[in-house]
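Welcome, and thanks for opening the viewer. Let's walk through this structure stop by stop, selecting a few residues each time.

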Amino acid sequence: MKKTWQAPRILVQEFETNEYVAACYSLYCAVAGDGKGTYNKDTKFNYNVSWGNFGTIYGDWKDHGKPCALGTSYNKDKGEFYEYGKLSKASDIRIDKDVLSDGTQYATWISHDVNGSGDYTHYGFAKAVDNRPNHS
């Protein structure tokens with residue numbers, strides 16, 4: 001094998017942040033509000049709705065109120081879910097991978113009320129929380 005000389009080269013790769021990597025979200029329920037943090041009125045979720053790419057979300061027949069509409073927080077990395085500022089439990093948290101033009105994503109989740117009134121099925125939007133400036 002014959003060796004050939006090549007001119008030295010430098011390859012520079014720049015890191016590009018990815019806005020979709022954020023692991024913390026605010027979740028806003030659309031049952032009692034607009035799903036983006038605005039509260040309209042206490043509403044019983046006694047209907048079914050087709051939501052984003054998730055198909056049909058079935059009503060839980062429970063009243064959803066102001067705290068539901070104003071948002072909860074979810075730390076995906078730690079698996080922590082907060083309702084009313086209290087550590088709570090949630091299951092089946094699904095956040096659509098597609099980001100809408102306003103920066104939100106379709107979401108569904110089931111939360112266990114910290115006041116002991118049972119499990120609530122939610123549909124609404126997730127908004128990535130960017131409170132970590134060095135996190136991509």
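Begin with the hairpin made by β6 and β7, which has 4 residues between its strands. In its turn, select G79, whose phi is positive at about 70 degrees. Strand names here follow the order from the N terminus, a strand being a DSSP run of E with at least two residues and a helix a run of H or I with at least four. What you have open is a predicted model, in which local features need pLDDT of at least 70, side-chain atom pairs count only at pLDDT 80 or more, and totals for chains, interfaces and linings use all residues. Residues are numbered from 1 along each chain as its sequence is written, and side-chain values use heavy atoms, with hydrogens and water left out.

**Around the hairpins**

Now select residues 72–75, which are strand β6; this strand and β7 pair in the antiparallel sense over 3 bridges. Two strands count as paired if DSSP finds at least two bridges between them. Strands of a sheet pair through backbone hydrogen bonds, either parallel or antiparallel. Look across from N75 and you will find E80 in β7.

Next, colour strand β7, residues 80–83, by face: F81 and E83 are on the covered face, while E80 and Y82 are on the uncovered one. In a regular strand the side chains alternate between the two faces of the sheet.

Which residue of β8 is the bridge partner of F81? Select S88 to see that partner. Strand β8 covers residues 86–95 and is joined to β7 by 3 bridges, with the two strands running antiparallel. The hairpin of β7 and β8 has 2 residues between the strands, and Y84 takes a positive phi near 55 degrees there.

**Step back to the whole chain**

Zoom out and show the protein chain as a cartoon: there are 10 strands and 1 helix. Reading from the N terminus, the order is β-β-β-β-β-α-β-β-β-β-β. Now highlight β1, β6, β7, β8, β9 and β10, in that order, to trace a closed barrel of 6 strands with antiparallel pairing. From one strand to the next, the twist averages 40 degrees (axes are lines fitted to C-alpha atoms, for helices over the stretch in contact, and angles run from 0 to 180 degrees between N-to-C directions).

Pick out two barrel strands, β9 (residues 104–112) and β10 (residues 119–128): they run antiparallel and are joined by 9 bridges. One of the pairings to select is Q105 with A126 in β10.

If you switch on a surface, the protein chain exposes about 9200 Å², with carbon and sulfur atoms supplying 48% of it. These areas come from the Shrake-Rupley method with a 1.4 Å probe, and for residues only the protein chains shown count as cover. Of the 136 residues in the protein chain, 35% are buried. Buried means under 20% relative accessible area, exposed over 50%, and partly exposed in between, using a 1.4 Å probe and protein chains only.

**The aromatic cluster**

Show the side chains of F45, Y47, W51, Y106, Y123 and F125, which ring pairs link into a cluster. Rings of Phe, Tyr and Trp (its six-membered ring) pair if their centres lie within 6.5 Å; planes under 30 degrees apart count as stacked, over 60 as edge-to-face and the rest as tilted. The whole structure holds 7 aromatic pairs.

Centre on W51 and Y106, an edge-to-face pair with 5.1 Å centre to centre and 90 degrees between the planes. W51 lies in the loop between β3 (48–50) and β4 (56–58) and Y106 in strand β9, so the pair ties together parts that are 55 residues apart in sequence. Is W51 buried or exposed? W51 is buried at 12% relative accessibility, whereas Y106 is partly exposed at 25%.

Turn to Y123, which forms another edge-to-face pair with W51, at 4.7 Å centre to centre and 65 degrees between the planes. Here the link runs from the loop between β3 and β4 to strand β10, across 72 residues. Y123 is buried at 6% relative accessibility.

**Last stop: a loop residue**

Finally, select N40 in the loop between β1 (24–29) and β2 (43–44). N40 is exposed, with a relative accessible area of 53%. Measure from its C-alpha atom to that of G65, 25 residues apart along the chain, and the separation is 8.8 Å.
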